[in-house]
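User: I am new to this structure and would like a close look at a single part of it. Please take one helix, and then follow what surrounds it.

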Amino acid sequence: MNLLSDAAQSQTWPEIAPLITKGKTLYFSHGFSVVYKDDTKVVPPKDVDVILCAPKGSGVTVRTLFKEGRGINASIAVFQDVSGKAKEKAVAIGVGIGAGYMYETTFQKEVYSDLYGERGVVSRTRYREDFVTNDLVPAYGRYPYVHRSLGPPSG
């Protein structure tokens, strides 16, 4: 289970890699290091399952909702399926963290979605804050609406 930050994954990989032996499963909660392996040098061995279960919230949020008996949506993906059971393992991780809904994606799509959400939406939403928090856009629809409506910052 590799839950370290992207930077820490790259820094610690030389120590971790020898411990990932044939038949094991390597689990990530974010696919950045694997997708950008040429830059991060995080290259999983060919003889292990490599899976992803990426909750759509912070670790604090995941834990808080779990303790309340609720869950948070999560994406699951398989990068390598050596055992033939990699998807099953990713789903099991999702159940274990209390994911309320899981949807299948790829490592690459998860990374692009995450980077777009963090860099494109979260960091730029403040420019549209007055627009997306008014009564014209219901609370449950704000995030997708922001995704579609981002434009250059005004003012």
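Analyst: Helix H5 covers residues 86-96, and its buried residues are Ala86, Ala90, Ile93 and Gly94. Viewed down the axis of H5, these buried residues fall within an arc of 100°, so they line one face of the helix. On the other side of H5, Glu88 and Val95 are exposed. This is a predicted model, and every value given here is computed from it. Just after H5 comes glycine 98, with a positive phi of about 80°.

What do the buried residues of H5 pack against? They pack against four strands: S1, S2, S3 and S4, the last of these being residues 102-104. These strands form an open sheet in the order S1-S2-S3-S4, and the pairing is mixed. S1 and S4 stand at the edges with a single partner strand each, so one side of each has no neighbour in the sheet. On average, neighbouring strands of the sheet are turned by 25° against each other, direction ignored.

The pairing can be followed strand by strand. S1 (residues 25-28) runs parallel to S2, and four bridges join them. Phenylalanine 28 has leucine 52 of S2 as its bridge partner. Between S2 and S3 (residues 74-80) the sense is antiparallel, with six bridges. Here cysteine 53 has isoleucine 76 of S3 as its bridge partner, and valine 50 stands opposite glutamine 80 in S3.

S2 deserves a longer look. The strand spans residues 49-55 and is mostly covered, with seven of its seven residues buried. In a regular strand, side chains alternate between the two faces of the sheet. In S2, Asp49, Ile51, Cys53 and Pro55 point one way, while Val50, Leu52 and Ala54 point the other way, and all are buried.

Where do such residues go? The largest nonpolar core has twelve residues in all: Trp13, Ile20, Leu26, Phe28, Val34, Val42, Val48, Val50, Leu52, Ala54, Ala77 and Phe107. S1 and S2 each supply at least two residues of this core, and the largest share, three residues, comes from S2. A second, separate core has nine residues, among them Ile51, Ala86, Ala90 and Ala99. Ala86 and Ala90 also belong to the buried residues of H5, which brings the helix back into the picture. Leucine 52 touches Ala90 as well, and its other contacts include Phe28, Ile76, Ala77 and Phe107, leaving aside residues up to four places away in sequence. In soluble globular proteins, nonpolar side chains tend to be buried together.

One residue of the largest core, Trp13, leads to another helix. In H1 (residues 6-16), Ala8, Gln9 and Trp13 are buried. They cover an arc of only 145° around the axis, which puts them on the same side of H1. On the other side of H1, Gln11, Pro14 and Glu15 are exposed. The buried residues of H1 pack against S1 and helix H2 (32-35).

To return to the starting point, the buried residues of H5 pack against S1, S2, S3 and S4, and Glu88 and Val95 are exposed on the other side of H5.

Key: Residues are numbered from 1 along each chain as its sequence is written. This is a predicted model: local features need pLDDT of at least 70, side-chain atom pairs count only at pLDDT 80 or more; totals for chains, interfaces and linings use all residues. Side-chain values use heavy atoms; hydrogens and water are left out. Buried means under 20% relative accessible area, exposed over 50%, partly exposed in between (1.4 Å probe, protein chains only). Two strands pair if DSSP finds at least two bridges between them. A nonpolar core is a set of buried Ala, Val, Leu, Ile, Met, Phe, Trp, Tyr and Cys residues joined through side-chain atoms within 4.5 Å. Contact means heavy atoms within 4.5 Å. The arc is that of the directions from the helix axis to the C-beta atoms. Axes are lines fitted to C-alpha atoms, for helices over the stretch in contact, and angles run from 0 to 180 degrees between N-to-C directions.
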